[in-house]
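Reader: I am in my first year and would like a close look at a single part of this structure, the aromatic rings. Could you take me through them slowly?

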Amino acid sequence: MTVKEFEILFRKLYLPLGMYALRIVGDADDAEDVVQETFIRAWEAVRDGKEVADFKSYIYMCVRNECISHLRSRKETVGVEQMPETIDEAIDTSERDARIWSAIDRLPQRCREVFLLSKRDGLSQEEIASELGISVKTVKNQMTKAYAELRGALSMRHKPFFLPFL
């Protein structure tokens with residue numbers, strides 16, 4: 001594998017792997033550390049001649065193992081409920097989550113802000129309106145716009161989705 005091929009895989013898999021690690025370790029900073037460390041180790045292995053037939057499955061398994069090691073180092077038990085049943089399920093879920101967050105990041109600023117206050121933070125429309133100094137009708141309009149844009153961005157390539165807030 002060339003440096004360029006590895007870089008392409010890194011860019012493609014970094015966010016989905018981060019979402020996967022986050023589900024296991026429960027902390028965004030720890031998940032990012034795990035994924036970065038895993039990519040460093042994977043690159044060193046590939047550079048040293050390790051043959052990897054299916055890099056995607058390989059790197060997911062490496063992240064899983066690194067997450068387990070990370071939790072053990074913190075003296076936390078690794079619960080079965082935190083681990084995906086299969087690597088394919090983990091890949092599908094983390095890729096879906098990455099697509100969702102990428103689509104949310106592409107929303108216009110105010111629309112994204114209203115959407116996240118509602119879905120991530122659980123605020124009512126009235127609370128959002130009060131916090132942002134806008135009308136409830138504006139909140140409703142922004143939510144409608146967010147749903148429409150997310151539905152369009154995510155349903156073009158995939159089955160209908162739901163938002164797994166988090």
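Author: What follows is a walk through the aromatic pairs and the residues that form them. The model is predicted, so to speak of local features a pLDDT of at least 70 is needed, side-chain atom pairs count only at pLDDT 80 or more, and totals for chains, interfaces and linings use all residues. Residues are numbered from 1 along each chain as its sequence is written, and side-chain values use heavy atoms, with hydrogens and water left out.

Rings of Phe, Tyr and Trp (its six-membered ring) pair if their centres lie within 6.5 Å, and planes under 30 degrees apart count as stacked, over 60 as edge-to-face and the rest as tilted. By this rule there are 8 aromatic pairs. In one of them, the ring centres of Phe6 and Trp43 are 5.0 Å apart and the planes meet at 55°, so this pair is tilted. It links distant parts of the chain, since Phe6 lies in helix H1 (residues 3-25) and Trp43 in helix H2 (residues 28-47), 37 residues apart; helices here are DSSP runs of H or I with at least four residues, numbered from the N terminus.

Phe6 is buried at 9% relative accessibility, while Trp43 is partly exposed at 22%, where buried means under 20% relative accessible area, exposed over 50% and partly exposed in between (1.4 Å probe, protein chains only). Phe10 and Tyr14 form another tilted pair, 5.1 Å centre to centre with 45° between the planes, and because they are 4 residues apart in helix H1, about one helical turn separates them. Phe10, at 31%, is partly exposed, and Tyr14, at 22%, is partly exposed as well. Phe6, Phe10, Tyr14 and Trp43 are among the members of one aromatic cluster, which also includes Phe39, Phe55 and Tyr58.

Note on methods: Helix = DSSP H or I, 4+ residues; strand = E, 2+ residues; numbered from the N terminus.
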